[in-house]
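Here is a chain to read together, with questions about why its parts carry the descriptions they do. Each answer sets a value beside the rule that it has to meet.

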Amino acid sequence: MSEVALQHIYSGKVRDLYEVDAQHLLMVASDRLSAFDVVMNETIENKGRVLTGLTNFWLREFSGSVPMALISCDPDVIESMVPGFSSKTEWHGRTMLVRKAEMLPLECIVRGRLAGQAYDEYVNSGTVHNMAAPKAMALTDAFPTPMFTPSTKAESGHDINIDLETAASIVGAELLNKAQTMCLDLFAKASAKLQASGLTLADTKFELGFVDGELVVCDEVLTPDSSRIWPSDEVRSGETPPSFDKQPFRDWLSEQPWDKTPPPPTIPASILDITSKRYVAAYEKVTGRLLRDWYGA
Ligand SMILES: Nc1ncnc2c1ncn2[C@@H]1O[C@H](COP(=O)(O)OP(=O)(O)OP(=O)(O)O)[C@@H](O)[C@H]1O
Ligand SMILES: [Mg+2]
């Protein structure tokens, strides 16, 4: 860092965290891409800005109904707390100034439709996160009502899907209940909003934490990395669901002789390019805004 002197405290698969002071962090979303919890060698142009812009869009959409860790993505606001930030243009649009939270040790997944790992489990055992599910559901079918299906938040390795009883044994029944109510409410609001744009929210993952004793929404919100969002008119019961973001990358990856452990395969430039375009298109379709109007883009 040139002018900005901040202590780097953590790097996740996608984000780098820096400490502003005892109560505040900068979360900087990189252009890194991960698959099966392995970070690829290449980056996807604009991805960090898309993730940050979408998170900001949804949190503004929800503000009033839910407390959040996010303070601002505006470089001028961040500058007032982090002198020198204005000139660090590479970080503009990919940085969230947030209140530091004590993270809940759960990933709060909500599933409106049967897909992904949940589908694999359902085919094997008829359950979803070890919980009862309706009989004879096909891939992409909607649950009677969205299911709150937490997973562990692994420090390393893969998260494990758990049932509500196990989740309650980790955080306590009362807190779990609170998290469930909050996440189901956000899911319903987001679903309705997306539906109006011809999009179906299949599932998503929220991360919650405590700030000053209050449960707040943290991290990324309803991004392509944390959600499955499908063009509604292409959803067919029992068929591989369409994806409007990472499908070209997933298709390419599924053809690679890769055992899902590092090192990852080398991604061709054409796949990187189309994936970047898909991320940008996702931002523009969901928000109705152009990415070029977002900070730093
Ligand atoms: N307000 C906050 N205060 C403290 N930590 C936060 C806050 N918001 C998010 N985090 C944490 O910051 C990290 C963000 O890093 P990143 O998104 O790269 O995560 P990851 O958890 O390693 O990977 P993935 O998102 O793919 O599961 C996560 O560990 C997340 O729980
Ligand atoms: Mg994360």
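Two strands count as paired if DSSP finds at least two bridges between them. With that rule in hand, we can turn to this model, which is a predicted one.

Q: What makes strand 1 and strand 2 (residues 15–21) a pair?
A: Pairing requires at least two bridges, and four bridges join strand 1 to strand 2, which run antiparallel. Within this pair, Gln7 stands opposite Glu19 in strand 2. The two strands also form a hairpin, with three residues between them.

Q: How do you know that strand 2 is joined to strand 3 as well, and in which sense do they run?
A: Set against the requirement of at least two bridges, strand 2 and strand 3 have six bridges and run antiparallel, so they count as paired. Tyr18 stands opposite Leu26 in strand 3, and a hairpin with two residues between the strands is formed here.

Q: Which residue is the bridge partner of Leu26 in strand 7?
A: The partner is Leu97. Strand 3 (residues 24–29) and strand 7 (residues 95–99) pair in the antiparallel sense over five bridges, and Leu26 also has Tyr18 opposite it, in the pairing of strand 2 with strand 3.

Q: Why are strand 1 (7–11) and strand 6 (70–72) called edge strands?
A: The open sheet has five strands in the order 1-2-3-7-6, with antiparallel pairing, and strand 1 and strand 6 each pair on one side only. On average, neighbouring strands of this sheet are turned by 35 degrees against each other, direction ignored.

Q: Why are helix 1 and helix 7 called roughly parallel?
A: Helix 1 and helix 7 (residues 269–287) pack at an angle of about 15 degrees, with their axes 9 Å apart. Angles under 35 degrees count as roughly parallel, and the two helices are therefore roughly parallel to each other. Their crossing is left-handed.

Q: Which residues of helix 1 meet helix 7, and how does the contact divide by class?
A: Lys47, Val50, Gly53, Leu54 and Phe57 in helix 1 meet residues of helix 7, among them Tyr279, Val280 and Tyr283. By class, this contact has eight nonpolar, three polar and one charged residues.

Q: What describes the way helix 4 and helix 5 cross?
A: The axes of helix 4 (residues 164–171) and helix 5 (residues 173–195) come within 7 Å and cross at roughly 115 degrees, and the crossing is right-handed. Leu164, Ala167, Ala168 and Val171 in helix 4 meet Ala173, Leu175 and Leu176 in helix 5. The residues of this contact divide into seven nonpolar, no polar and no charged.

Q: How many residues does each domain bring to the contact between domain 1 and domain 2?
A: The domain assignment gives domain 1 (1–100) and domain 2 (103–234), and their centres, taken over C-alpha atoms, are separated by 23 Å. The contact takes 14 residues from domain 1 and 17 residues from domain 2.

Q: Which element gives the most to the side of domain 1 that touches domain 2?
A: Helix 1 (residues 47–62) gives the most, with seven residues. The residues on that side of domain 1 divide into ten nonpolar, one polar and three charged. Helix 1 thus touches on two parts of this account, since residues of helix 1 also meet helix 7.

How values were computed: Residues numbered from 1 in each chain as written. Chains lettered and ligands numbered in written order. Predicted model: local features only at pLDDT ≥ 70, side-chain atom pairs only at ≥ 80, totals over all residues. Axes fitted to C-alpha atoms, helices over the stretch in contact; angles between N-to-C directions. Left-handed = near helix turned anticlockwise from the far one by under 90°. Contact = placed C-beta atoms within 7 Å. Nonpolar A, V, L, I, M, F, W, Y, C, P; charged D, E, K, R; others polar. Domains from an automatic or database assignment. Parallel < 35°, antiparallel > 145°, perpendicular 65-115°, else oblique.
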